[in-house]
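Could you walk me through this protein structure, from its sheet to its core and its aromatic rings? I would like an explanation in running text that I can follow with the model open beside me.

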Amino acid sequence: MTRNRAIGSIPNEAMAIYYSDRSTEGGLLITEGTVVSPTGAGSPHVPGIYTEEHIEGWKPVTEAVHAKGGIIVCQLWHVGRASHTVYQPGGAAPIGPSTKPISSRWKAQMPDDSFEDYSVPRALETSEVPGVIEDFPQAAVNAIKAGFDGIEIHGAQGYIVDQFMKDTINDRTDEYGGSLDNRCKFLVDLVNAIVSAIGPERTALRISPVVDYLDAYDNHPLALGLAVCEKLNKIQEEVGSKLLYLHVVQPRTMASFMGADTPKPSEDEGALLLKHLRKAYKGSFISSGGYNRELAMDGVAHGETDLVSFGRLFLANPDFVKRLKLDLPLNKYRRDYFYTHDPVLGYNDYPFFEEKEEAAPSQ
C-alpha cells in the first residue's frame with residue numbers, strides 16, 4: 001500500500017530497511033504502487049519506475065529482500081483521473097477514459113499534506129491510449145532491470161485500468177468503451193504488451209470489480225470479474241504459460257469508504273463473488289482485504305484462495321510472518337502515519353516481537 005516515503009519519487013535507504021525487515025525465506029512482497037510515467041502520480045512522494053534514477057534507487061531494495069531469500073514484485077501504477085493538476089506535467093489536467101470527475105467526498109493529498117478535491121480529468125483521445133499503455137511494458141522492463149522478480153499491474157481501486165473497466169466512469173464510444181469487451185480492451189492490450197516484454201511468468205494483475213473506491217463503481221461487478229478471468233485465461237492459452245497470479249480485492253476491504261447511496265454487497269455476496277472468480281480463473285489466485293489470521297487460514301483451507309495478502313497488519317508488524325505462524329499478538333497500526341513522509345515515524349519504528357518483549361517492564 002502507498003506509504004509516501006520516496007522523497008522526490010526516488011526509492012531510498014529507509015525503503016530498503018522497510019522492505020528488508022519484512023522479508024522472509026520464500027515470502028512474497030508486493031511493493032506499494034509505483035508510478036509508470038510522469039502523468040501517473042496523484043499524491044506526494046510516491047516512487048516511480050520510469051527513469052534510470054528510479055531503477056538505481058530500487059536496486060538496494062530488491063537486493064536487501066533477496067539477501068533474506070524473499071521474492072519481490074513491483075506494483076505498476078497509473079492513477080489516471082485520481083490526480084490533481086499540481087502533479088501533472090505543466091499543470092495539465094489528469095488523464096482518464098472520460099471527463100467524469102471524482103466526487104468531492106474523496107480528497108487528493110497535496111504536496112503540503114493538505115487535502116483538496118481531485119481535478120476534473122481530460123478524456124484521452126483514441127490515438128493517445130496506446131501511448132499510455134506502452135508506458136507499462138517499459139516500466140516492467142525497468143523493474144526487471146532493478147532486480148524485481150516480476151510485476152503486478154494495479155488494475156484495482158479506482159485507478160486508470162479500473163477506470164476503463166467500470167461502466168459508471170467509462171462513457172467512451174470508441175473501441176475502448178461501450179460494451180464490456182471494449183471496456184476490458186485497455187487491460188487486455190496492456191497485459192499482452194507486458195507479457196511480450198517480460199514474459200507471463202513475471203506478470204500479475206490486481207483487480208477489484210466490486211469495490212467502489214474513488215467512485216469506481218460498476219453495475220455488474222460479477223460479470224466484469226468473470227470477463228477479466230476469461231480474458232486472462234485466453235491470454236494464458238495463447239502464450240502457453242500461466243501468469244504469475246491474479247490478485248482480487250475483497251469488497252469488505254473498502255466498506256468504510258463506500259457512499260450511503262452506493263449498493264453494498266453483504267459479506268456473503270462478497271464471498272460468493274470471490275468464489276466465482278476463484279473457480280473461473282485458471283491460475284494462482286491471491287485474495288486480500290480485511291483478513292486476519294483465522295479468516296486467512298479458513299479461506300485457504302476451503303479452497304477459496306491459494307494465497308492471502310496483508311497490508312495494514314504487515315506494515316505494523318515487520319515480523320508479521322513469524323507472528324502469524326506462532327499466533328503471537330500484533331502491534332496496532334497507526335493510521336495517522338500511513339501517508340506521512342518521515343523515514344522512521346510510523347514506518348521503520350514498529351518493533352519486532354522480541355524488541356517489544358525486551359522493552360516491556362518486568363513484573
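What follows is a short tour that begins with the sheet, moves to the core, and ends with cysteines and aromatic rings.

Please keep in mind that this is a predicted model. A good place to start is the open sheet, which has 7 strands in the order β1-β2-β7-β8-β9-β10-β11 and parallel pairing. At its edges stand β1 (28-35) and β11 (307-309); each has a single partner strand, so one side of each is left without a neighbour in the sheet. On average, neighbouring strands of this sheet are turned by 25° against each other, direction ignored. As a general reminder, the strands of a sheet pair through backbone hydrogen bonds, either parallel or antiparallel.

To see one pairing in detail, look at strand β9 (residues 245-249) beside strand β10 (residues 285-288), where 4 bridges join the two in the parallel sense. If you pick Val249, you will find its bridge partner in β10 to be Ser288.

Now bring in a helix. Helix α6 (residues 185-198) lies across three strands, β2 (71-77), β7 (150-155) and β8 (203-207), and runs at about 170° to β7. A residue to select here is Thr203, found in strand β8. Thr203 has a relative accessibility of 1%, so it counts as buried, the cut-off being under 20%. Setting aside neighbours within four places in sequence, Thr203 is in contact with Ile151, Ile153, Ile194, Val195, Ile198, Leu243, Leu244 and Tyr245.

The next stop is the nonpolar interior. The largest nonpolar core has 87 residues, and those with the most contacts inside it are Tyr19, Leu76, Ile151, Phe186, Ile194, Val228 and Leu246. Helix α6 supplies the largest share of this core, with 8 residues. Leu246 makes a nice example of the packing: not counting residues up to four places away in sequence, it touches Leu205, Ile207, Cys229, Leu232, Tyr281, Ser284, Phe285 and Ile286.

Cys229 brings us to the cysteines. How many disulfides does the structure hold? The number is 0. For Cys229, the closest cysteine sulfur is in Cys184, 10 Å away, and this is too far for a bond because a disulfide needs the two sulfur atoms within 2.5 Å. Cys229 is also buried, at 0% relative accessibility. Cys74 is buried too, with a relative accessible area of 0%.

Finally, turn to the aromatic rings, where a search of the whole structure finds 12 aromatic pairs. One of them joins Trp106 and Tyr213, edge-to-face, at 5.1 Å centre to centre and with 80° between the planes. This pair links distant parts of the chain, 107 residues apart: Trp106 is in the loop between β3 (95-96) and β4 (107-109), while Tyr213 is in the loop between β8 and α7 (221-239). Trp106 is buried, with a relative accessible area of 6%.

Which geometry do the rings of Phe164 and Tyr176 adopt? Their centres are 6.3 Å apart and their planes stand at 75°, so this pair is edge-to-face, a term for planes over 60 degrees apart. Phe164 sits in helix α4 (residues 160-165), and Tyr176 lies in the loop between α4 and α5 (180-183), 12 residues apart. Phe164 counts as buried at 0% relative accessibility, and Tyr176 is buried with a relative accessible area of 4%. Ring pairs also link Tyr18, Tyr19, Trp58, Phe148 and Tyr347 into a cluster.

Methods:
Residues numbered from 1 in each chain as written. Predicted model: local features only at pLDDT ≥ 70, side-chain atom pairs only at ≥ 80, totals over all residues. Heavy atoms only, no water. Pairing = 2+ DSSP bridges. Axes fitted to C-alpha atoms, helices over the stretch in contact; angles between N-to-C directions. Contact = heavy atoms within 4.5 Å. Core = buried A, V, L, I, M, F, W, Y, C linked by side-chain atoms within 4.5 Å. Buried < 20%, exposed > 50% of the residue type's maximum accessible area, 1.4 Å probe, protein only. Phe/Tyr/Trp six-rings, centres within 6.5 Å; stacked < 30°, edge-to-face > 60°.
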